[in-house]
Amino acid sequence: MNYRHAYHAGNFADVLKHAVLALIIAHLKRKPQPFRVIDTHAGTGVYDLGAEEAGKTGEWRDGIGRILADTPPRDVVEILAPYLEVVRAENGTSESGEADLARYPGSPLLARRLLRRGDKLVVNEAHPEDGALLKMLFKKDPAAKVLALDGWMALKSLLPPPERRGVVLVDPPFEEAGEFHRLVEALGAAHRRFATGTVMLWYPIKDPRRVRAFHRDAAALSIPKLLVAELCVRAPLSEGALAGSGLLILNPPFTLEAALETLLPYLVRTLRQAPGAESRLEWLTGERRTSS
Ligand code: SAM
C-alpha cells in the first residue's frame with residue numbers, strides 16, 4: 001500500500017467527490033429520520049496543506065485553491081454551500097474576508113461536520129499510519145466509528161446499516177490491477193444488501209476505453225438508477241496520467257441530477273488545465289439519459 005491521499009487532498013477530483021458527497025448528505029437531512037455515512041477507503045480524515053506531501057504536488061492549488069479564489073454564480077454558490085461551508089469552517093478567515101486555506105477536510109471529516117445528533121459515521125482505513133491518524137481524529141466521538149479492515153470486506157459487513165438510510169462512499173486508491181472489477185463487484189454487493197441506499201463509487205479517468213468497459217460491466221448488473229458524473233480537466237494523455245475522475249452513483253437523490261447539470265460545466269470552466277476539458281452526466285440505467 002503506497003498510496004497516500006496527503007499528496008492529492010483537495011485536488012480537482014476531491015472537489016467533485018466532496019461536493020457531491022455533501023449534497024447527498026444535505027438531501028438526507030431533509031427528513032428527520034437518522035442516517036449513516038459509511039466510508040470504506042477513508043484516508044486520514046483531514047489534511048495539512050502546508051505539509052511536505054501537499055507541497056510536493058501542489059495539486060490542491062488547482063482544485064480547492066481555484067474554487068475558493070473564484071466568485072461563482074449564485075446558483076453554483078448554493079450547490080457548493082454544504083461542501084464549502086465545511087471547508088471554510090476548518091480554516092481561518094483573513095481580514096479581507098478570504099478563507100486562509102491550511103486544512104482540507106477529507107471525506108470523513110466533511111461527513112462528520114454535516115451530521116446531526118443521532119446520525120452516524122463509520123469510516124474504514126487499511127493503511128496503518130493513516131488509520132491511526134483517523135482514529136485520533138475521532139477519539140472519544142460517539143457518533144463516529146473507525147475501523148481498520150479491508151475496505152471491500154468492510155463494505156459487505158456494514159450493510160445494510162441499522163438505520164436503513166444513508167450513503168456509502170467507495171473511494172479506492174486504484175494502485176492495484178483489478179480495481180475497476182472490484183468496484184463492479186462492490187456495486188453488486190451493496191445493491192444486494194442495501195437496495196434503497198445511495199452508493200458513490202469513485203474512479204479515475206486515464207484511458208477512456210477502460211472507463212467505457214467499466215460502465216458496460218456496471219450496466220450489465222441491471223441495477224436501476226445508476227448515474228454517472230465525470231469531470232476531465234484535460235484530454236486523456238497517452239502516458240496514462242490522471243485526466244479526470246468520475247462518480248458512479250446508485251440511487252442518487254432526485255435533486256442531484258439538476259444540481260450536477262449546473263455544477264459540472266462550472267467545474268470544467270474553473271478547473272480546466274489543458275485543452276479537452278469536459279464533463280459528462282449520464283444515466284447508465286434508469287431515469288432519462290442526459291449528457292453535457
Ligand atoms: N475517501 C478519502 C477522501 O475523500 O478524503 C480518500 C481516500 S484515498 C483515495 C484511498 C484510501 O484507501 C487510502 O487512504 C488508502 O490507504 C486506503 N486503502 C487502500 N487499500 C485499502 C483497502 N484494501 N481497504 C481499505 N482502505 C484501503
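**Close-up 1. Polar contacts of the ligand.** A nitrogen atom of the ligand lies 3.3 Å from a polar backbone atom of A126. The model shown here and in the other views is predicted. At H41, a polar backbone atom is 2.9 Å from a nitrogen atom of the ligand. The side chain of E125 also takes part: one of its N or O atoms is 2.6 Å from an oxygen atom of the ligand. On its own, the ligand would expose 600 Å², and the protein buries 95% of that area.

**Close-up 2. Residues around the ligand.** The surroundings of the ligand comprise 22 residues. Those that come nearest are H18, E125, D150, G151 and D171. Of these, E125 appears in the previous view through its side-chain contact with a ligand oxygen atom. H18 returns in the next view, as one of the helix 1 residues that meet helix 4.

**Close-up 3. Helix 1 against helix 4.** Helix 1 spans residues 12-28, and its axis is 8 Å from that of helix 4. The two helices pack at an angle of about 95°. Angles of 65 to 115 degrees count as roughly perpendicular, so helix 1 is roughly perpendicular to helix 4. From helix 1, the residues D14, V15, H18, A19, A22, L23 and A26 meet I79, L80, P82 and Y83 of helix 4. Sorted by class, the residues of this contact are nine nonpolar, one polar and one charged.

**Close-up 4. Helix 4 against helix 10.** Helix 4 (residues 74-89) also packs with helix 10 (residues 256-271). Their axes are 10 Å apart and form an angle of about 105°. Helix 4 and helix 10 are therefore roughly perpendicular to each other as well. On the helix 4 side, D75, V76, I79 and L80 take part, and they meet A259, T262, L263 and Y266 of helix 10. The contact has six nonpolar residues, one polar residue and one charged residue. I79 and L80 of helix 4 meet helix 10 here, and I79 and L80 also meet helix 1 in the previous view.

**Close-up 5. Helix 7 against helix 8.** Helix 7 covers residues 151-158 and helix 8 covers residues 179-193. The angle between them is about 10°, with the axes 9 Å apart. Because angles under 35 degrees count as roughly parallel, the two helices are described as roughly parallel to each other. Helix 7 contributes W152, L155 and K156 to the contact, and helix 8 contributes E179, R182, L183, A186, A189 and R193. Five of the contact residues are nonpolar and four are charged, with no polar residue among them.

Note on methods. Residues numbered from 1 in each chain as written. Predicted model: local features only at pLDDT ≥ 70, side-chain atom pairs only at ≥ 80, totals over all residues. Heavy atoms only, no water. Axes fitted to C-alpha atoms, helices over the stretch in contact; angles between N-to-C directions. Helix = DSSP H or I, 4+ residues; strand = E, 2+ residues; numbered from the N terminus. Parallel < 35°, antiparallel > 145°, perpendicular 65-115°, else oblique. Contact = heavy atoms within 4.5 Å. Nonpolar A, V, L, I, M, F, W, Y, C, P; charged D, E, K, R; others polar. Near = heavy atom within 4 Å. Polar contact = N/O pair within 3.5 Å; in protein donor to acceptor, adjacent residues only side chain to side chain. Areas by Shrake-Rupley, 256 points an atom, 1.4 Å probe, with all protein chains shown as cover.
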